Amino acid sequence: MHLAVTITEVARAAAISKSTVSQYLNGRYEYMSEETRCRIKQVIEQLDYRPNALARSLKQKKTHTVAAVVSSILNPFITNTIRGAEDYCKETGFNLILCNADDNPDQELAYIQTLSAKQIDGVIISTTGRNTAALRSMNQAGTPVVLFSRHFPEVGADTVSVDNRKGVDLGLRHLMRHGHREIVFFVLPFSESPVSPRRERARAYADLMREYGLSFRPEWLVETVNDEKVLASRLEQLLAGPGPKPTALFGANDLMTMSLVRLLVNRGLRIPEDMAVLGFDDWEWAPYLQTPITVVAQPSYTMGRRATERLIQRIQGKLADLSPVLEYYEPELIIRRSCGEPCWMKND
């Protein structure tokens with residue numbers, strides 16, 4: 001029977017101490033030279049040494065496992081964020097558990113409680129905002145929490161988000177450059193919701209439409225669920241009602257924009273000839289539609305990596321003396337064809 005190689009054998013073969021091998025396995029490379037690192041790596045590969053994960057967890061009281069609790073796995077923004085998180089975990093020797101809360105506060109709370117009981121090392125979360133007390137307790141009890149996309153100061157945790165006002169500004173100014181003044185903004189319910197991106201984007205639209213002297217009408221800030229029957233009814237009211245008609249639709253997230261595009265196509269309206277469309281968030285097939293969709297994109301992959309990096313730094317105690325921070329990333333306007341852009345036009 002083949003016996004598992006021990007850390008003692010690795011240390012002996014590399015002619016160094018067990019503590020140095022342990023530091024290497026825990027990623028504390030600052031305590032050793034590059035030559036020592038290379039020697040340990042070579043010996044580990046030669047001996048096919050595999051650390052006993054359970055033993056390490058019991059000794060260190062760490063599982064080297066983190067969780068991502070997401071609002072909806074169907075959302076392309078979330079999918080790309082998790083790809084970034086997972087890649088960073090692989091590079092740093094951590095495992096990632098994915099929990100889909102479906103924007104349901106009860107389901108989210110159940111995950112928080114389960115993860116706490118399982119002694120997970122830390123959590124990144126795009127929270128509903130209804131369980132901030134539970135997240136704050138988890139964070140204060142020694143299981144670090146990092147928020148992404150949605151910011152809630154009362155949790156007392158690091159947050160990685162995007163500058164939502166700037167994103168709406170980029171979209172509106174692009175539409176203005178193509179002659180649009182009657183612009184409707186479709187956003188998920190925000191009046192009674194604590195979810196910060198919805199509120200920030202809705203507020204930015206209302207403020208900037210007035211600031212730029214555009215045709216702001218309260219009914220053009222459309223607060224709606226992303227259900228195509230409901231959206232179809234709201235769109236019909238806008239197009240059939242009295243007064244000025246919109247010439248452009250701005251979707252506040254990727255799923256909303258997808259639904260609007262389908263509704264316009266099903267109604268026989270041409271994009272952008274009959275109605276311009278612009279979305280906040282990019283998605284995989286937006287460039288490949290008959291009319292590629294212009295979007296304000298978030299650096300979702302980078303945001304996922306950064307949120308996970310911040311979390312693992314907290315787990316490792318590297319940020320113990322630092323207060324939580326809110327990091328904003330810059331959105332990017334990706335110009336395609338859905339707002340009336342000529343074929344040769346490049347990104348701003």
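Two strands are said to pair if DSSP finds at least two bridges between them. The exercises below apply this criterion and others to a predicted model.

**Exercise 1. Determine how E1 and E2 are joined, and place them in their sheet.**

Solution.
Step 1. Six bridges join E1 to E2, and the two strands run parallel. The criterion asks for at least two bridges, so E1 and E2 count as paired.
Step 2. One residue pair can be located within this ladder: Val 69 has Cys 99 of E2 as its bridge partner.
Step 3. The surrounding sheet is open and has six strands in the order E2-E1-E3-E4-E5-E11, with parallel pairing.
Step 4. Strand E2 (95–100) and strand E11 (326–329) form the edges, each pairing on one side only. On average, neighbouring strands of this sheet are turned by 20 degrees against each other, direction ignored.
Step 5. Helix H6 (residues 105–117) packs on this sheet and touches E1, E2 and strand E3 (122–125). The direction of H6 makes about 150 degrees with that of E2.

**Exercise 2. Describe the sheet that contains E6 and E7, and identify helices that pack on it.**

Solution.
Step 1. The strand order is E7-E6-E8-E9-E10-E12 in an open sheet of six strands, and the pairing is mixed.
Step 2. The edges are strand E7 (221–223) and strand E12 (332–334), each of which pairs on one side only. Here too the average turn between neighbouring strands is 20 degrees, direction ignored.
Step 3. At the E7 end, strand E6 (residues 183–187) pairs with E7 in the parallel sense over three bridges. Phe 185 stands opposite Leu 221 in E7.
Step 4. Helix H8 (residues 164–177) lies across E6, strand E8 (248–251), strand E9 (276–280), strand E10 (294–297) and E12. H8 runs at about 165 degrees to E9.
Step 5. H11 also packs on the sheet, touching E6, E8 and E9, and its direction makes about 160 degrees with that of E9.

**Exercise 3. Characterise the packing of H10 against H11.**

Solution.
Step 1. Two packed helices are described by the angle between their axes and the distance between the axes.
Step 2. For helix H10 (residues 228–240) and helix H11 (residues 254–266), the axes come within 10 Å and cross at roughly 65 degrees. The crossing of H10 past H11 is right-handed.
Step 3. H10 contributes Glu 228, Leu 231, Ala 232 and Leu 235 to the contact, while H11 contributes Met 256, Ser 259, Arg 262, Leu 263 and Leu 264.
Step 4. Sorted by class, the contact comprises six nonpolar, one polar and two charged residues.

**Exercise 4. State the volume of the second largest pocket and analyse its lining.**

Solution.
Step 1. The volume of the second largest pocket is about 520 Å³.
Step 2. Its lining consists of 24 residues, and those nearest the centre are Asn 75, Asp 103, Arg 150, Leu 188 and Asn 253.
Step 3. Helix H5 (76–92) and helix H9 (196–211) each supply at least two lining residues. H9 gives the most, with three residues.
Step 4. The class composition of the lining is ten nonpolar, eight polar and six charged residues.

**Exercise 5. Locate the residues His 64 and Pro 272, and report their backbone geometry.**

Solution.
Step 1. His 64 has a positive phi of about 55 degrees, although it is not a glycine. His 64 belongs to the loop between helix H4 (53–60) and strand E1 (65–70).
Step 2. Ile 271 and Pro 272 are joined by a cis peptide bond, with omega about 5 degrees. Pro 272 is found in the loop between H11 and E9.

Notes. Residues are numbered from 1 along each chain as its sequence is written. This is a predicted model: local features need pLDDT of at least 70, side-chain atom pairs count only at pLDDT 80 or more; totals for chains, interfaces and linings use all residues. Side-chain values use heavy atoms; hydrogens and water are left out. Axes are lines fitted to C-alpha atoms, for helices over the stretch in contact, and angles run from 0 to 180 degrees between N-to-C directions. Helices (H or I, at least four residues) and strands (E, at least two) are DSSP runs, numbered from the N terminus. A crossing is left-handed if the near helix is turned anticlockwise from the far one by less than a right angle, and right-handed if clockwise. Contact means heavy atoms within 4.5 Å. Ala, Val, Leu, Ile, Met, Phe, Trp, Tyr, Cys and Pro count as nonpolar, Asp, Glu, Lys and Arg as charged, and the others, Gly among them, as polar. On a 1 Å grid over the protein atoms alone, a cavity is a set of points where a 1.4 Å probe fits but cannot get out, and a pocket is an open set with protein on both sides within 12 Å along at least five of seven lines; lining residues have an atom within 4 Å of a point. Grid points are joined across faces, edges and corners, and a volume is the space filled by probe spheres set on the points.
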